[in-house]
Amino acid sequence: MEAINDVHVSEPGLIVVDVAAADDEAAFAFHTALAARWATTSVERTTREAGQPGVRLRCYLGLRQPLPPPDHPGDPL
């Protein structure tokens, strides 16, 4: 993964999320859950590190966006 740039976390509420998952499906499912609740950068692919299991994905969140109401009562996220 690339280094985190100062601009990525230059203000309160900006977050860098690095995901390690068993496969692409799990990584993209997690990103979809995040994107349903916060402003999130889009992601198109995961990366693999030679000799390491699974995949990695990086996205950026903006928590300053108001949260939408949950779709279902009791939704854990």
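This report walks through the fold, the core and a few side-chain pairings of one protein chain.

**The overall layout**

Keep in mind that you're looking at a predicted model. The chain has 1 helix and 3 strands, and starting at the N terminus these elements come in the order β-α-β-β. Of the 77 residues in the chain, 19% are buried. The chain exposes about 5600 Å², and carbon and sulfur atoms supply 56% of that area. What about contacts between residues at least 6 apart in sequence? Of these, 59% join residues at least 24 apart.

**The core**

Now for the inside. The largest nonpolar core has 9 residues: Val-17, Val-19, Ala-21, Ala-27, Leu-34, Val-55, Leu-57, Cys-59 and Leu-61. Three elements each supply at least two residues of this core: strand E1 (14-21), helix H1 (24-35) and strand E3 (55-62). The largest share, 4 residues, comes from E3.

Try picking out Leu-34, one of the core residues. Leaving aside residues up to four places away in sequence, Leu-34 touches Val-17, Thr-40, Cys-59 and Leu-61.

**A buried threonine in a loop**

Next, look at the loop between strand E2 (39-40) and E3, where you'll find Thr-46. Is Thr-46 buried or exposed? Its relative accessibility is 13%, so Thr-46 counts as buried. Not counting residues up to four places away in sequence, Thr-46 touches Asp-24, Ala-27, Phe-28, Val-55, Arg-56 and Leu-57. With one of these, Asp-24, Thr-46 also makes a polar contact, side chain to side chain, at 2.4 Å.

**The salt bridges**

How many salt bridges are there? The count comes to 2, and here they are:

| Salt bridge | Closest N to O distance |
|---|---|
| Arg-58 and Asp-18 | 2.6 Å |
| Arg-56 and Glu-49 | 3.1 Å |

Take the pair of Arg-58 and Asp-18 to begin with. This salt bridge links distant parts of the chain, since Arg-58 sits in strand E3 and Asp-18 in strand E1, 40 residues apart. Arg-58 has a relative accessibility of 16%, so it counts as buried, while Asp-18 is partly exposed at 43%.

Then there's the pair of Glu-49 and Arg-56. Glu-49 is partly exposed, with a relative accessible area of 35%. Arg-56 counts as partly exposed too, at 32% relative accessibility. You've already met Arg-56 among the residues that Thr-46 touches.

Terms used: Residues numbered from 1 in each chain as written. Predicted model: local features only at pLDDT ≥ 70, side-chain atom pairs only at ≥ 80, totals over all residues. Heavy atoms only, no water. Core = buried A, V, L, I, M, F, W, Y, C linked by side-chain atoms within 4.5 Å. Buried < 20%, exposed > 50% of the residue type's maximum accessible area, 1.4 Å probe, protein only. Contact = heavy atoms within 4.5 Å. Polar contact = N/O pair within 3.5 Å; in protein donor to acceptor, adjacent residues only side chain to side chain. Areas by Shrake-Rupley, 256 points an atom, 1.4 Å probe, with all protein chains shown as cover. Salt bridge = Lys/Arg side-chain N within 4 Å of Asp/Glu carboxyl O.
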